[in-house]
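Work through the two exercises below with the model in view. Each task is followed by its solution in steps.

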Amino acid sequence: MPAPPLSDLFRVFGRIGILSFGGPAAQIALMHRELVETRGWLDEGGFLRALSFCMLLPGPEAMQLATFAGWQLRGVAGGLIAGTLFVLPGAAIIFALAAAYAAFGAVPLAQALFLGIKATVVVIVLQALARLGNKALKTPARWGIAGLSFLAIFLFALPFPLIIALAAGWGYAAATGTPLPRTADVAPPRTGRTIALWGALWLGPVALLAAVGGGLLAQLATFFSKLAALTFGGAYAVLAWMAQEVVTDKGWLSPEQMIDALGLAETTPGPLILVTQFVGFLAGYGASGWGLAFAAGAVTLWVTFVPCFLWIFAGAPYVDRLADFPRLSAALEAITAAVVGVILNLSLWFAAHVLFAEVGALRAGPIDTIAPVWASFKPRAALLTALAALMLLGLRWPLPGVLALMAGAGAALGSGAFFL
C-alpha cells in the first residue's frame with residue numbers, strides 16, 4: 001500500500017502518544033492495533049521482527065518501536081515524528097507534575113487521580129499481554145521459552161540481558177535451513193554518516209557542557225548518557241542502579257523523592273524511563289531553583305532519547321534482511337517469546353505495587369522474588385481494578401473515556417496517601 005501522508009502520521013502517532021499508558025506491554029499492543037490491525041500500515045511479520053530488534057537495543061523498546069515504524073513508513077522524517085510524539089505528551093506531563101511536586105511536595109489530589117489510572121493500567125497490561133502472547137507464541141517451543149523466561153526473572157531474578165541471550169542462542173542453535181539468496185541488490189545504507197550525525201547530536205552537547213564547566217548539568221548529561229547506553233530491557237532493568245546512584249552516591253534526591261518519581265512516571269503516558277526527566281528536574285530545583293530545574297529536565301530528556309534515534313536509524317535498514325537468514329530469524333522469534341515471559345513478570349510487579357501498600361522481597365537460596373505484605377492489601381484499589389476490568393473487558397468502553405472515569409473514581413474514593 002502507498003505510504004501514508006505525514007499528516008496521518010502526526011494524527012496516528014499523536015494519538016498513540018497520548019494513550020500510551022501502561023508500560024511497554026500496553027504500548028506495544030496499542031501500536032499493533034493501530035498500525036497492523038486497524039490500518040494495515042505494517043504486516044505482522046515485519047512488526048514482530050521490529051519488536052525483537054528493539055528489544056535487543058538499550059533504551060525504551062516501545063518508543064524505539066514507534067520510531068522504527070515511522071521510519072518504515074516515511075523514512076527519517078517519519079521516524080522523528082513517531083518517536084517524538086510518543087515521548088512528548090508524557091514529557092509535558094512530567095514537567096508539570098515535577099513543577100507541582102517541587103512547589104507543593106506530595107499532591108494528594110493528583111495521587112488520588114492517579115490511583116484510578118493505575119488500576120486501569122493493571123487491566124490494560126494484562127489485556128495487552130494476552131494479545132501479544134497470542135501473536136508471538138505460535139508453537140510449544142515458544143510457549144516453553146516464554147514460561148522459562150518468566151520463571152528465570154520472576155523467581156530467580158536473572159539479568160534480563162542473560163535471558164535474552166539464552167533465548168537467542170537456543171533459537172539460533174535449534175533452527176534449520178540455509179541463508180536464502182537475495183533476489184535483488186539492496187543499496188547499502190549510509191550507516192557511517194548516520195552514526196556520525198546522531199552521535200554528534202547526542203554527545204556534542206555533553207562535551208560542550210563539560211568543556212564550559214556546566215556543573216550539575218554536565219554531571220546529569222554524563223550520568224544519563226551512560227544510563228542510555230546501558231538500559232537494556234527497559235527502565236525496570238536499571239531502576240535499582242539509578243536509585244542507588246542518584247540517592248546514595250550523588251545525593252540528588254531523597255529516597256522518598258525517588259519513590260514518588262517512579263510512582264508519577266508509572267501513571268503518565270509514554271515510556272517509564274521518563275522518570276529520568278523527573279529526577280533531573282528535582283536535582284536542578286534542589287541545587288538552584290526553577291531555572292536550573294527546567295534546564296536540567298531538558299538536558300536529561302535530550303541525552304535519554306536522542307540515542308534512541310541513533311540506534312534505530314543506524315540499525316533499522318538491516319532488520320528486514322534478517323528474513324533471509326533462517327537462523328537469525330529463529331533467534332529473533334525466540335527473543336520475542338522470551339519477551340512475553342519478561343513482560344508477564346513486569347505485569348505482576350506492577351499489579352503488586354498497585355494492590356499492596358508494601359511489597360517486600362522473598363529470598364531463599366537461589367529464589368529472589370517479590371513478596372507482597374498481605375496485611376497491606378488495598379481493598380479500594382482492588383475495587384477500582386475490578387471496575388476498570390468491567391469497563392474495558394466487559395462493556396468494551398473506549399480507553400480514553402475509561403481513563404477519565406477511573407481518574408475521577410480514584411479521586412472520589414479517597415486520598416492518595418492511603419493508596420500510595
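**Exercise 1: a helix pair**

Task: Describe how helix 6 and helix 14 cross.

Solution. Start with the axes. Those of helix 6 (residues 140-154) and helix 14 (residues 326-355) come within 7 Å and cross at roughly 40 degrees. Helix 6 is therefore oblique to helix 14. Oblique covers angles that are not under 35 degrees (roughly parallel), over 145 (roughly antiparallel) or 65 to 115 (roughly perpendicular). Next, the hand: the crossing of helix 6 and helix 14 is right-handed.

This is a predicted model, where local features need pLDDT of at least 70, side-chain atom pairs count only at pLDDT 80 or more, and totals for chains, interfaces and linings use all residues. Residues are numbered from 1 along each chain as its sequence is written, and side-chain values use heavy atoms, without hydrogens and water.

Now the contact (heavy atoms within 4.5 Å). Helix 6 brings R142, I145, A146, S149, F150, I153 and F154. Helix 14 answers with E333, A334, A337, A338, V340, G341, V342, L344, N345 and L348. The residues of this contact divide into twelve nonpolar, three polar and two charged.

**Exercise 2: two cysteines**

Task: How many disulfides does the structure hold, and where do C54 and C308 stand?

Solution. Count disulfides (cysteine sulfur atoms within 2.5 Å). The structure holds zero. C54 is in no disulfide; its nearest cysteine sulfur belongs to C308, 9.5 Å away. C308 is likewise in no disulfide, with the sulfur of C54 nearest at 9.5 Å. Then check burial (buried means under 20% relative accessible area, with a 1.4 Å probe and protein chains only). C54 is buried at 0%. C308 is buried at 1%.

Methods. Buried means under 20% relative accessible area, exposed over 50%, partly exposed in between (1.4 Å probe, protein chains only). Axes are lines fitted to C-alpha atoms, for helices over the stretch in contact, and angles run from 0 to 180 degrees between N-to-C directions. Helices (H or I, at least four residues) and strands (E, at least two) are DSSP runs, numbered from the N terminus. A crossing is left-handed if the near helix is turned anticlockwise from the far one by less than a right angle, and right-handed if clockwise. Ala, Val, Leu, Ile, Met, Phe, Trp, Tyr, Cys and Pro count as nonpolar, Asp, Glu, Lys and Arg as charged, and the others, Gly among them, as polar.
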